[in-house]
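Hi,

Here is the structure I said I would pass on. Have a look at it first, and then read on for my notes on what turned up.

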Amino acid sequence: DQAFLSAFLAEAQLTVSLQHANVVQVFDLGSLGDSYYMVLEFVDGENLQAVLRNSVRSNRRLHLREACFIVQQIAEGLAYAHERTDSKGKPMGIVHRDVNPANVMISRSGEVKLADFGIAKAATRQSTTQTGMVKGKTGYFAPEQILGQELDQRSDVFLLGILLYEALTGKQPFDG
């Protein structure tokens, strides 16, 4: 599938340029015959979705301090991605577009990392989203994303707010 391959390679090229403690690192990209691969950093832990699910099951929500720490760490990773420039100093205009608990990794040692820049958009590359098509996880869309409008870094900040709400309350603020 040429469209999938193009999206995969675009994600890899974008992500490999992101070197930050709060972003899952890409170590290698290559192909073997007709198969392409991407080698990612192993985060020994769980994603925030599993952590929240377990906290609801055990009737123990995250403490305010824990939730704020997690969101602050993701905000650091997003700020780094948002401020990235190309080799000529031109802003890359990176927008993650898929900030949700499944894409937040928490290691056993307490590191927090944002993963999956698979649908991220950078001003320096063409978006593979067709007009009228919305990419992302249901329940985690900024209003302009639902309306099919142009996204910018503020969309990620909105999604970060959804993440904080869910981390504090144990439920999503919006019905999918």
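Let's begin with L163, which touches L48, V71, V99, N100, P101 and V104, leaving out residues up to four places away in sequence. You'll find L163 in helix α5, which covers residues 153-169. Is L163 buried or exposed? With a relative accessible area of 0%, L163 is buried. There is also a distance to Y140 to note: 23 residues separate L163 and Y140 along the chain, and their C-alpha atoms are 8.5 Å apart. Before going further, please keep in mind that this is a predicted model.

One of the residues L163 touches, L48, takes us to helix α2, residues 48-57. The buried residues of this helix are L48, A50, V51, L52 and S55. As for spacing, an α-helix has 3.6 residues a turn, so residues three or four places apart point the same way. What do the buried residues of α2 pack against? They pack against β3, α3, β4 and α5. Both ends of α2 have something to look at. At the start, N47 has a side-chain oxygen that comes to within 3.2 Å of the backbone nitrogen of Q49. Just after the helix, N59 has a positive phi of about 55 degrees.

Next comes Q73, in helix α3 (residues 64-83). Q73 has 16% relative accessibility and counts as buried, because buried here means under 20%. Which residues does Q73 contact, if you leave aside its neighbours within four places in sequence? The answer is N22 and V112. With N22 there is a polar contact between the two side chains, at 2.9 Å. Next door to N22 in the numbering, A21 is 52 residues from Q73 along the chain, yet the C-alpha atoms of Q73 and A21 are separated by 9.1 Å.

Now for the charged pairs. Side chains of opposite charge can pair when their charged atoms come close. How many salt bridges are there in this model? The count comes to four, and here are three of them:

- D44 and R108 meet through their side chains, with 3.0 Å from N to O. D44 is in the loop between β2 and β3 (45-47) and R108 in the loop between β4 (104-107) and β5 (112-114), so this salt bridge ties together parts that are 64 residues apart in sequence. D44 is partly exposed at 37% relative accessibility, whereas R108 is exposed at 69%.
- E66 and R60 form another, and their closest N and O atoms are 3.4 Å apart. Both partners are partly exposed: E66 has 31% relative accessibility and R60 has a relative accessible area of 40%.
- D152 and R154 also meet in a salt bridge, at 2.5 Å from N to O. D152 is partly exposed, with a relative accessible area of 24%, while R154 counts as exposed at 62%.

On to the aromatic rings. A search of the whole structure finds one aromatic pair. The rings belong to F158 and F174; their centres are 6.3 Å apart and their planes are at 10 degrees, so the pair is stacked. F158 is in helix α5 and F174 in the segment after α5, so the pair ties together parts 16 residues apart in sequence. Are these rings' residues buried or partly exposed? F158 counts as partly exposed at 32% relative accessibility, and F174 counts as partly exposed at 41%.

Last, take a look at the surface. F27, L32, Y37 and V39 make a nonpolar patch there of about 430 Å². The elements giving two or more residues to this patch are β1 (26-32) and β2 (35-40). V39 is in strand β2 and is partly exposed, with a relative accessible area of 36%.

If you want a route for your own viewing, you could start from L163 in helix α5, go on to the buried residues of α2, and then turn to the side-chain contact between Q73 and N22. After that, the salt bridge of D44 and R108 and the stacked pair of F158 and F174 are good places to stop.

Cheers

How values were computed
Residues are numbered from 1 along each chain as its sequence is written. This is a predicted model: local features need pLDDT of at least 70, side-chain atom pairs count only at pLDDT 80 or more; totals for chains, interfaces and linings use all residues. Side-chain values use heavy atoms; hydrogens and water are left out. Helices (H or I, at least four residues) and strands (E, at least two) are DSSP runs, numbered from the N terminus. Buried means under 20% relative accessible area, exposed over 50%, partly exposed in between (1.4 Å probe, protein chains only). Contact means heavy atoms within 4.5 Å. A polar contact is a pair of N or O atoms within 3.5 Å; within protein, one must be able to donate a hydrogen and the other to accept it, and residues adjacent in sequence count only if both atoms are side-chain atoms. Patches are made of residues with over 30% relative accessible area and no salt bridge: like charges are joined within 9 Å, nonpolar side chains (Val, Leu, Ile, Met, Phe, Trp, Tyr) within 5 Å. Accessible areas come from the Shrake-Rupley method with a 1.4 Å probe; for residues, only the protein chains shown count as cover. Rings of Phe, Tyr and Trp (its six-membered ring) pair if their centres lie within 6.5 Å; planes under 30 degrees apart count as stacked, over 60 as edge-to-face and the rest as tilted.
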